[in-house]
Amino acid sequence: MAEQESIVVSTQGVTKVFQVGDRKITVLKNISMQIPRASFTVICGPSGSGKTTLLNILGGIDRPT
C-alpha cells in the first residue's frame, strides 16, 4: 500500500478565528497533521487551547476560517 493511502486524516494550514465583538480570537493557527490508518492518536492541551474546535473541524461540524 502506498504511503498516501495509509493516511486517514490530513490537515494542512488549518486556522480558526472567532469574532467576539470587535476582537478576533485565534484558536487554531496553521495546524498541519496526518493521522495514519490503524494508529492511536491523542490530542491534548489545557482548557481553551482549541482541542474541541479542531475535532469539530475534522468531523465537519465547523469550518476553518
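The legends below walk through several views of this predicted model, starting with the whole chain and then moving to close-ups.

**View 1. The whole chain holds one helix and two strands.** Reading from the N terminus, the elements follow the order β-β-α. The C-alpha atoms occupy a box of roughly 50 × 20 × 20 Å along the principal axes. The radius of gyration is 14 Å, while a compact globule of 65 residues would have one near 11 Å. Of the 65 residues, 17% count as buried. The accessible surface adds up to about 5,100 Å², and carbon and sulfur atoms contribute 52% of that area. Among the contacts with a separation of 6 or more, 46% join residues that lie 24 or more positions apart.

**View 2. Strand 1 and strand 2 come together as a hairpin.** Strand 1 covers residues 7-20, and strand 2 covers residues 23-36. How many bridges join the two strands, and in which sense do they pair? There are ten bridges, and the pairing is antiparallel. Two residues sit between the strands, and Gly-21 in this turn has a positive phi of about 65°. Along the pair, Thr-11 stands opposite Met-33 of strand 2, and Ser-10 stands opposite Gln-34 of strand 2.

**View 3. Gln-34 and Ile-35 are two residues of strand 2 to look at together.** Is each of them buried or partly exposed? Gln-34 is partly exposed, with a relative accessibility of 47%. Ile-35, in contrast, is buried, because its relative accessible area of 13% is under the 20% limit. A general pattern is worth keeping in mind here: in a regular strand, side chains alternate between the two faces of the sheet. Both residues can be placed relative to Ser-10. The C-alpha atoms of Gln-34 and Ser-10 are 4.4 Å apart, although 24 residues separate them along the chain. For Ile-35 and Ser-10, which are 25 residues apart along the chain, the C-alpha separation is 6.4 Å. Setting aside residues up to four places away in sequence, Gln-34 touches Ile-7, Val-9 and Ser-10. With neighbours within four places left out, Ile-35 is in contact with Ser-6, Ile-7, Val-8, Val-9 and Thr-41.

**View 4. Six residues make up the largest nonpolar core.** Which residues are they? The members are Val-14, Leu-28, Met-33, Ile-35, Leu-54 and Ile-57. Strand 2 and helix 1, which spans residues 51-58, each supply at least two of them. Strand 2 gives the most, with three residues. As a general tendency, nonpolar side chains in soluble globular proteins are buried together. Leu-28 is a good member to follow in this view. Not counting residues up to four places away in sequence, Leu-28 touches core members Val-14, Leu-54 and Ile-57. The contacts of Leu-28 also include Thr-15, Lys-16, Gly-50 and Thr-53.

**View 5. Thr-53 in helix 1 meets residues from elsewhere in the chain.** Thr-53 counts as buried because its relative accessible area is 13%, under the 20% limit. Which residues does Thr-53 touch, once those up to four places away in sequence are left out? They are Lys-16, Phe-18, Val-27 and Leu-28. Two of these names appear in other views: Leu-28 is a member of the largest nonpolar core, and Lys-16 takes part in a salt bridge.

**View 6. Asp-62 and Lys-16 form a salt bridge.** A search of the whole structure finds one salt bridge, and the side chains of Asp-62 and Lys-16 make it, with an N to O distance of 3.3 Å. Where do the two partners lie along the chain? Asp-62 belongs to the segment after helix 1 and Lys-16 to strand 1, so the pair links distant parts of the chain, 46 residues apart. The partners differ in their exposure: Lys-16 counts as buried at 8% relative accessibility, whereas Asp-62 is partly exposed, with a relative accessible area of 24%. Lys-16 is also among the contacts of Leu-28 and of Thr-53.

Note on methods. Residues are numbered from 1 along each chain as its sequence is written. This is a predicted model: local features need pLDDT of at least 70, side-chain atom pairs count only at pLDDT 80 or more; totals for chains, interfaces and linings use all residues. Side-chain values use heavy atoms; hydrogens and water are left out. A nonpolar core is a set of buried Ala, Val, Leu, Ile, Met, Phe, Trp, Tyr and Cys residues joined through side-chain atoms within 4.5 Å. Buried means under 20% relative accessible area, exposed over 50%, partly exposed in between (1.4 Å probe, protein chains only). Helices (H or I, at least four residues) and strands (E, at least two) are DSSP runs, numbered from the N terminus. Contact means heavy atoms within 4.5 Å. Two strands pair if DSSP finds at least two bridges between them. The radius of gyration is taken over C-alpha atoms; the globule rule is 2.2 Å times the number of residues to the power 0.38. Accessible areas come from the Shrake-Rupley method with a 1.4 Å probe; for residues, only the protein chains shown count as cover. A salt bridge is a side-chain nitrogen of Lys or Arg within 4 Å of a carboxyl oxygen of Asp or Glu.
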